[in-house]
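Please examine the protein shown below. The account after it proceeds from the overall fold to individual residues.

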Amino acid sequence: MDLKDKLVSSFMAFENSVDVDTYVHDVRSDAIKIFEEQGFPTKKEEAWKYTSLNKILKEDYSVFPKHETGLEYRDIKKYFIHDIDTYKIVFIDGKYSSHLSQTTHEGMDICLMSAAFSKPKYRLVIENYFNKVATKDSLSSLNTAFSSEGAYIHIPKNKLVQKPIQIVHFSTGNESATMLQPRNLIVVDENSHVQIIERHQSLTDNAVLTNGVTEIFANKRAIVDYYKIQNDNDNASLIDNTFINQKQESIASVHTFSFGGKLTRNNLNFFQNGERIDSTLKGVTIIGNKQHVDHNTLVHHIEPNCESHQDYKGIFDENSTGVFNGKVIVEKEAQKTNAFQANNNILISDKATINTKPQLEIFADDVKCSHGCTIGQLDESALFYMRSRGIPEKEAKGLLMYAFSNNVLSSVKIPEIKQRITKIIANKLGVNIGFDL
């Protein structure tokens, strides 16, 4: 039995284990039909032309892994941004861990999806927002069909969340191969501001496939600052589907740092439904071996006087493969749009590959839009200059590559995240970046 058939046949057992009387029941039932009809995407589809899932789908994944309860904070402390006080929503093998989490219901709801699905007081938010911005593609629909656990964050009007929120998913590797499908719903109401850090982390070298969906709603004048740290083990694969719906004068930014994992596919979609909206998408990818990272982005400008900024940097070594497929759509009504898109890449190895495809679809005539990509190697003249000043070749290359990615790091608003990412970059590049940020 292949993975598709296994998932479809497991759906009935899953439905029997959750509340079938909730609003979500019908949504799940419709979603599994979409997945059954479409199946997993293949390279025949334009959006997946350079990314094949065949190898990772051959594993015999446990769809309902056993829940590990023995983890202690000291065992996993290094995976948190522990230099600052944060709320924490922690999941182990797909299940919420209360003793590792720090949630709240004091003036806002920072908790878990299963509670939101089952309790009447959350019903209105679930019915108004759940599965309302996620597209009906096969992988998002698969996640919707099995959605039961993940982070539920609702920030009411006029609220500045004093601490960042960390969402961390651990896979213990108790099964030889595990499939996880977390579902996050984040609703930020008018004039509110929140910072969120997300990480998926395997604790063994056993295979894990995560197919996650995050829906974010930034209402009028809301500010959402989101960070994804992707630095998993070599046998972990991640398909991350994030959908952001913005209202008038809202600001949303997503920084994606991709360093680890076997295969990573980031589907990041912004929908601007209002005027004077600002959307920022930035990322740094540094990979080697046979790693594969694919960024697939969409910014849909629907109304006038809005901006979007995309800036992705990639450094590829050994037999690694990078993909960037960025699309900007500007509707006829979206006059005075300012949309910027850039994808710049360095190939360290002759065997590394990058496939990049920036796209603009513009139907308005009074706009400022630009896109571009570069693929090259390190600047030999800059490298020669640094070596002539006594800097060893390895350190000189590392500093040049750090400088290459620094303009993405410069827009990170949480200093502790910037420090953590800098340390990871230094480790990936094999150099000691010995200066303060």
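The paragraphs that follow describe the whole chain, then one helix, and then selected strand and loop residues.

This is a predicted model, in which local features need pLDDT of at least 70 and side-chain atom pairs count only at pLDDT 80 or more, while totals for chains, interfaces and linings use all residues. Residues are numbered from 1 along each chain as its sequence is written, and side-chain values use heavy atoms, with hydrogens and water left out.

The protein contains ten helices and 20 strands; helices (H or I, at least four residues) and strands (E, at least two) are DSSP runs, numbered from the N terminus. Its radius of gyration is 21 Å, close to the 22 Å that the globule rule gives for 437 residues, so the protein is as compact as a globular protein of that length. That radius is taken over C-alpha atoms, and the globule rule is 2.2 Å times the number of residues to the power 0.38. The C-alpha trace spans about 70 × 55 × 45 Å along its principal axes.

Of the 437 residues in the protein, 58% are buried. Here buried means under 20% relative accessible area, exposed means over 50%, and partly exposed lies in between (1.4 Å probe, protein chains only). The protein exposes about 18600 Å², and carbon and sulfur atoms supply 47% of this area; accessible areas come from the Shrake-Rupley method with a 1.4 Å probe, and for residues only the protein chains shown count as cover. Among contacts (heavy atoms within 4.5 Å) with a separation of 6 or more, 83% join residues 24 or more positions apart. The protein has 50 positive and 55 negative charges, whose mean positions are 2 Å apart. In this count Lys and Arg are positive and Asp and Glu negative, with His and the chain ends not counted; the place of a charge is taken as NZ of Lys, CZ of Arg, CG of Asp or CD of Glu.

Helix H7 is a suitable place to begin a closer reading. Eight of the eight residues of H7 (residues 138-145) are buried, so this helix is largely enclosed by the rest of the structure. The buried residues include Ser138, Leu139, Leu142 and Ala145. What covers them includes helices H1 (3-16) and H2 (23-38), together with strands E6 (177-180), E7, E9 and E11 (236-246). At the N-terminal end of H7, Asp137 acts as a cap: one of its side-chain oxygens lies 3.3 Å from the backbone nitrogen of Leu139.

Two of the strands that cover H7, E7 and E9, can be followed through single residues. Ile186 is placed in E7 (residues 183-188) and is buried, at 0% relative accessibility. Leaving aside neighbours within four places in sequence, Ile186 is in contact with Ile153, Ile196, Thr214, Glu215, Ile216, Phe217 and Tyr226. In strand E9 lies Thr210, which is buried at 6% relative accessibility. Not counting residues up to four places away in sequence, Thr210 touches Leu180, Pro182, His200, Ser237, Leu238 and Ile239.

Further along the chain, Thr256 belongs to strand E12 (residues 251-258) and is buried at 2% relative accessibility. Its contacts, with neighbours within four places in sequence left aside, are Lys228, Gln230, Asn266, Lys282, Gly283, Val284 and His295. Thr256 and Ile216 are 40 residues apart in sequence, and their C-alpha atoms are 16 Å apart in space.

How is Leu360 classed, buried or partly exposed? Leu360, in strand E19 (residues 353-362), is partly exposed, with a relative accessible area of 27%. Outside its neighbours within four places in sequence, Leu360 is in contact with Val328, Cys369, Ser370 and His371. The C-alpha atoms of Leu360 and Asp60 are separated by 40 Å, with their positions 300 residues apart along the chain.

Two loop residues complete the description. Most residues other than glycine have a negative phi. Arg221, although not a glycine, has a positive phi of about 60 degrees. Arg221 is in the loop between strand E9 (207-218) and strand E10 (223-230), and is partly exposed at 31% relative accessibility. Arg276, also not a glycine, has a positive phi of about 55 degrees. Its place is the loop between strand E13 (263-272) and strand E14 (278-287), where Arg276 is partly exposed, with a relative accessible area of 45%.

Conventions:
Polar contact = N/O pair within 3.5 Å; in protein donor to acceptor, adjacent residues only side chain to side chain.
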